[in-house]
Structure formats: C-alpha cells, structure tokens
Amino acid sequence: MDFPRALPLFSVALGATLLATPMTGLPFAELEALNRELGLLCSNPPREALAVCRIHARLIRTM
C-alpha cells in the first residue's frame, strides 16, 4: 500500500470509528495523542495530507 492511498483510508477508518463509538466510550487519551500527532503533521503537511489537515482544522475549530 503506497502512502497517498493509505492516508485517505486512514481518514475513513478514523471517521467510522468515531461515529460508531458512543461518546462515553471514547478513549480520550488516544484522541489527545492523535490530535498532537495531527498537529505536528499539519504544521508542515505533505501534499498527500492536506485533506486530512483541513478536516483536523475544522474539528479543532468546533471544539
């Protein structure tokens, strides 16, 4: 699996997981770790990550 395809697949899997998980069962420590990693990635994103970084930015703005 090459990187450009892996990133959208990861995004879909993450979105499906978040939608399927009840709010009380969310692993907040893992979500915080994911947020940190996405923040680092999106500070200077490769072209393949731009869509993920836009989604991350929208999610952060809504919080």
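**Reading a three-helix model**

Author: Start with helix α3. Within α3, V52, C53 and H56 are buried. Keep in mind that this is a predicted model.

Reader: Where do those buried residues sit around the axis of α3?

Author: First the general idea. An α-helix has 3.6 residues a turn, so residues three or four places apart point the same way. Now the case here. V52, C53 and H56 lie on the same side of α3, because their arc around the axis is only 95°.

Reader: Which exposed residues does the face turned away from the buried side carry?

Author: That face of α3 carries R54, R61 and T62.

Reader: How many residues does α3 have, and how far does it reach?

Author: Helix α3 spans residues 50-62, which is 13 residues. From first C-alpha to last it reaches 19 Å. The expected value, at 1.5 Å a residue, is 18 Å, and the helix is close to that.

Reader: What other elements are there in the protein chain?

Author: Count helices and strands. The chain has three helices and zero strands. Read from the N terminus, the order is α-α-α.

Reader: At what angle do α2 and α3 pack?

Author: Look at the two axes. They lie 10 Å apart, and the angle is about 125°. Angles from 65 to 115 degrees count as roughly perpendicular and those over 145 as roughly antiparallel. The pair α2 and α3 is therefore oblique. Their crossing is left-handed.

Reader: What share of the residues in the protein chain is buried?

Author: Of the 63 residues, 11% are buried.

Reader: Which helix has the lowest mean pLDDT, and which the highest?

Author: Compare the elements. Helix α1 (residues 3-20) is lowest, with a mean of 60. Helix α2 (residues 28-43) is highest, at 91. For the protein chain, the mean pLDDT is 77. A value of 70 or more is reached by 60% of its residues.

Technical notes: Residues are numbered from 1 along each chain as its sequence is written. This is a predicted model: local features need pLDDT of at least 70, side-chain atom pairs count only at pLDDT 80 or more; totals for chains, interfaces and linings use all residues. Side-chain values use heavy atoms; hydrogens and water are left out. Helices (H or I, at least four residues) and strands (E, at least two) are DSSP runs, numbered from the N terminus. The expected span of a helix is 1.5 Å times one less than its number of residues. Buried means under 20% relative accessible area, exposed over 50%, partly exposed in between (1.4 Å probe, protein chains only). The arc is that of the directions from the helix axis to the C-beta atoms. pLDDT is the predictor's confidence in each residue, from 0 to 100. Axes are lines fitted to C-alpha atoms, for helices over the stretch in contact, and angles run from 0 to 180 degrees between N-to-C directions. Angles under 35 degrees count as roughly parallel, over 145 as roughly antiparallel, 65 to 115 as roughly perpendicular and the rest as oblique. A crossing is left-handed if the near helix is turned anticlockwise from the far one by less than a right angle, and right-handed if clockwise.
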